[in-house]
Amino acid sequence: MTIPVPADVISRLKAVLGEGGWSTDPERLAPKLVEWRGRWQGTTPLLALPRSTADVAAVVGICAEAGVAIIPQGGNTGLVSGQIPQGEILLSTERLTAVRDIDAFDDVITVEAGVTLAAVHEAAAKVGRRFPLGLASEGSATVGGVVSTNAGGTQVLRYGTTRNLVLGLEAVLPNGEIWNGLKRLRKDNTGYDLKQLLIGAEGTLGVVTAASLKLFPILASRSVAICGLESPRQAIELLALAKAVTGGAVEAFELIGRMGLDFALKNVPGLREPLDARHPWYVLIETTTATPGEAEAAMGRLLEQAFEAGLVTDAAIAQTGKQMGAFWALRENQSVGQKPEGSVWKHDIAVPVSRIADFIEQATAAVIAFSPGVRVVAFGHVGDGNVHYDVLRPEGGSDAAHDALRDEGATLVHDIVAGMEGSISAEHGLGSMKGHEALRYKSPVEVAALRAVREALDPRRIMNPRALF
Ligand SMILES: Cc1cc2nc3c(=O)[nH]c(=O)nc-3n(C[C@H](O)[C@H](O)[C@H](O)COP(=O)(O)OP(=O)(O)OC[C@H]3O[C@@H](n4cnc5c(N)ncnc54)[C@H](O)[C@@H]3O)c2cc1C
């Protein structure tokens, strides 16, 4: 339960933040108090809008002294309610937007927490470099949010998640002290790694105020194809072939199911059927290289061998940048496309890549047996073993009835995941939504160690108190 924030704390916060540094205006607050899908509605006595790391430190310091809880928020694109306050102070990073430094020799960009992922891409491109983390939410998702959720997008297969892309962090710890860890080292083997503790901590161990991120050479060659397939099992076989014959050029390998494609085509204007024939499943494959012509050659090799082996019978390679965008739009609109179809149980799971087909088969049989008529939309980063496994209410059914079964449905799906030594949250984190569920699958030894870390850094549990466990 969140304790009401004393009036004198609010007054002190307003005083340190100064004019324009806070708001209680309902209109200003409204978009920050509702989650992207409208699933959670929040409330806060004060929106703090710090302009600098020093401002953040002042806010956290006052709250730490008074034992008042804080929820950090970046772009508010999180999908597990970690950024939505329920009576806590809401600390937005929207004014921490400086690109502090960009260095094409060291291949590092240092940006403040409120800079969007899209702005990082833009800044990197200006110096002929690339930051290889792409999300459908990148126009709003911020560096602070991406770091705090250890986001992983469509390029994890080649570049890893955010954990692999951060060189250094600056953060305000839960006692209000500033930690400057904005190093740009590729190697630093000096004991515990504080930045790695903060990455994926979902705002529970402090406020990330800036990050140094790795840059990579800009692409000289890119190819995107869509293949029609019979089953997820075929997709896994195709992935194995892709790894074997493309010389590491595969950057993305994304699964799309027919039902998700149909919803996207029906509900999102401007999308088109990718192939002449209809198929039960599709994969979108992207190859990239820094050497001209190589990505196209690798894609050609892959599809030739896939056709020869009978793994693929229908495919199209995008011929223009516009067509590449059109193929990607089918994948990126999987969530948007299903939105008008009513209530959904969302699962964001990972299993070993070799078990993806087993997972989809077993989970689908289980949810249909549990609630006949539900519609399964499975899609995602199959190359990383990560499936967004969405279970929509039966056509014409009631949202309320489907919502009422959500927790039991999740347990069914998550038990299957656990049986395959998987994870119940591959991308989005736990937030205040999945912490209890995660406890069911972590060992008591691990939970005790993790809680000890949190307790040591934040003994009054003021930082995002309802998140994690
Ligand atoms: C359409 C869509 C597509 C998406 N695709 C992906 C995807 O492919 N991969 C993926 O991983 N995620 C994806 N997401 C989820 C989301 O975009 C990511 O989790 C993103 O990293 C959140 O960034 P944000 O700035 O919006 O953070 P918020 O939503 O504002 O916050 C998320 C969490 O981070 C904490 N936080 C935010 N900023 C800070 C900070 N500066 N310091 C400490 N804690 C902080 C918050 O308290 C909260 O717990 C998607 C979301 C949408 C809506």
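## Strands and helices in a predicted model

Q: In the open sheet of five strands in this predicted model, what is the order of the strands?
A: The sheet is open and its strands pair in the antiparallel sense. From one strand to the next the twist averages 10°. Read across the sheet, the order of the five strands is β5-β6-β10-β8-β9.

Q: Which strands of this sheet stand at the edges?
A: A strand at the edge has a single partner strand, so one side of it is left without a neighbour in the sheet. The strands placed in this way are β5 (99-103) and β9 (178-181).

Q: Which residue in β10 is the bridge partner of E112?
A: Strand β6 (residues 108-112) and strand β10 (residues 207-214) run antiparallel and are joined by five bridges. For E112, the bridge partner in β10 is A210.

Q: At about what angle to β8 does helix α3 run?
A: Helix α3 (residues 53-66) lies across β5, β8 (166-172), β9 and β10. Helix α4 (residues 117-126) also packs on the sheet, where it touches β5, β6 and β10 and makes about 145° with the direction of β6. For α3, the angle to β8 is about 50°.

Q: Are the faces of β17 covered or exposed?
A: In a regular strand the side chains alternate between the two faces of the sheet. In strand β17 (residues 375-380), six of its six residues are buried. On one side these are R375, V377 and F379, and on the other V376, A378 and G380, so that both faces of β17 are covered.

Q: Which residue in β18 stands opposite F379?
A: The strands β17 and β18 pair in the antiparallel sense over five bridges, and they form a hairpin with five residues between them, where G385 in the turn has a positive phi of about 75°. β17 also pairs with strand β13 (residues 250-257) over two bridges, with L255 opposite G380. In β18, the residue opposite F379 is H388.

Q: Are helices α13 and α15 roughly parallel or roughly antiparallel to each other?
A: Helix α13 (residues 356-370) and helix α15 (residues 406-419) pack with their axes 10 Å apart, at an angle of about 155°. Angles over 145 degrees count as roughly antiparallel. The two helices, α13 and α15, are therefore roughly antiparallel.

Q: How many residues of the contact of α13 with α15 are nonpolar?
A: From α13 the contact includes F359 and V367, and from α15 it includes L412 and I416. Of the residues in this contact, two are polar, one is charged and the nonpolar ones number nine.

Notes: Residues numbered from 1 in each chain as written. Predicted model: local features only at pLDDT ≥ 70, side-chain atom pairs only at ≥ 80, totals over all residues. Heavy atoms only, no water. Axes fitted to C-alpha atoms, helices over the stretch in contact; angles between N-to-C directions. Helix = DSSP H or I, 4+ residues; strand = E, 2+ residues; numbered from the N terminus. Parallel < 35°, antiparallel > 145°, perpendicular 65-115°, else oblique. Contact = heavy atoms within 4.5 Å. Nonpolar A, V, L, I, M, F, W, Y, C, P; charged D, E, K, R; others polar. Pairing = 2+ DSSP bridges. Buried < 20%, exposed > 50% of the residue type's maximum accessible area, 1.4 Å probe, protein only.
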